[in-house]
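User: Hi! I have a model open and would like a close look at a single part of it, with its surroundings explained step by step.

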Amino acid sequence: MNDALKAHAALTDWRGARSRPASVLGEKWIPPTGRCLASARRFVRDVAADWEAAEDVPEVAELLASELVTNALTHGAQGVSAASGIHIVVTREQELIAVDVYDSSSALPRLCRARHLDIRGRGLAIVETFSRDWGWRITPCGKSVWFQLLAWP
Ligand SMILES: Nc1ncnc2c1ncn2[C@@H]1O[C@H](COP(=O)(O)OP(=O)(O)OP(=O)(O)O)[C@@H](O)[C@H]1O
Ligand SMILES: [Mg+2]
């Protein structure tokens, strides 16, 4: 099975495992290079805005997706081939918008408590602060890291 098919199978399993029914609002693949971070960010913001998510949700979704995609590029793409893309999926689960960022590394995210002078270790803390919920899930070909926001109260 190629990478795209494996990722699709993992996504199907994952959707089946979620307690809330989810509909996909948009999905995008990017190559594992920083060159595509801006378009990934824009994509999430546009999907949230197109589906009329409330108030500042498109901006917040963009910010949090930016942290997760940056992490996928910096921590989750080491040693993977250029053909193994990062997969971004935006779903609606009733009143929640969820953004999942799939990478092909089995290394897991670790929430840090950055100290005053630390220059790293703040991304997931930002995601935790602004999201309704966040987490990660191991898939057959890596993992997804996700967050949810209240978008249609
Ligand atoms: N997609 C990922 N794959 C593997 N490890 C990850 C991933 N995302 C996060 N991590 C791990 O979790 C740690 C914390 O991530 P976080 O985003 O909070 O900080 P950072 O990326 O190190 O720095 P900053 O985001 O502030 O620039 C990372 O240092 C890394 O070890
Ligand atoms: Mg980070």
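Which element gives the most to the shell around ligand 1? Please take that element and walk me through what it packs against.

Analyst: Happy to! Please keep in mind that this is a predicted model. The element you are after is α3, which gives four residues to the shell around ligand 1, the most of any element.

Let's begin at the ligand. The shell around ligand 1 has 19 residues, and the closest are N71, H75, G76, G123 and L124. Two or more residues of this shell come from each of α3 and α4. By class, the shell holds seven nonpolar, seven polar and five charged residues.

Now to the helix partners, starting with α4. Helix α3 covers residues 57–74 and helix α4 residues 123–130; the two pack at an angle of about 150 degrees, and their axes are 9 Å apart. An angle over 145 degrees counts as roughly antiparallel, so α3 and α4 are roughly antiparallel to each other. Their crossing is left-handed. On the α3 side, the residues that meet α4 are V60, L64, E67, L68, T70 and N71, while α4 brings G123, I126, V127 and F130. Six of the residues in this contact are nonpolar, three are polar and one is charged. Notice that N71 and G123 take part in this contact and are also among the closest residues to ligand 1.

The other helix to look at is α2, residues 37–50. Its axis and that of α3 come within 8 Å and cross at roughly 145 degrees. Here the crossing is right-handed, whereas that of α3 and α4 is left-handed. From α2, the contact uses L37, A40, R41, V44, R45, A48 and A49; from α3 it uses V57, P58, E59, A61, E62, A65, S66, V69, T70 and L73. Sorted by class, the contact of α2 with α3 comprises 11 nonpolar, two polar and four charged residues. One residue to highlight is T70, which belongs to the contact with α2 and to the contact with α4.

That leaves the sheet. It is an open sheet of five strands in the order β1-β2-β3-β5-β4, with antiparallel pairing. At its edges stand β1 (23–30) and β4 (133–139); each has a single partner strand, so one side of each is left without a neighbour in the sheet. From one strand to the next, the twist averages 20 degrees. Helix α3 packs on this sheet and touches β2 (86–93), β3 and β5, with its direction at about 15 degrees to that of β3.

Two of the strands touched by α3 are β3 and β5. Strand β3 (residues 96–103) pairs with strand β5 (residues 142–150) in the antiparallel sense over eight bridges, and V101 has V145 in β5 as its bridge partner. Next along the sheet, β5 also pairs with β4, again antiparallel, over seven bridges. In that pairing, D133 stands opposite Q148 in β5, and a hairpin of two residues joins β4 to β5.

To put it together: α3 packs with α4, crosses α2, packs on the sheet and gives four residues to the shell around ligand 1.

Technical notes: Residues numbered from 1 in each chain as written. Chains lettered and ligands numbered in written order. Predicted model: local features only at pLDDT ≥ 70, side-chain atom pairs only at ≥ 80, totals over all residues. Axes fitted to C-alpha atoms, helices over the stretch in contact; angles between N-to-C directions. Parallel < 35°, antiparallel > 145°, perpendicular 65-115°, else oblique. Left-handed = near helix turned anticlockwise from the far one by under 90°. Contact = placed C-beta atoms within 7 Å. Nonpolar A, V, L, I, M, F, W, Y, C, P; charged D, E, K, R; others polar. Pairing = 2+ DSSP bridges. Near = placed C-beta within 6 Å.
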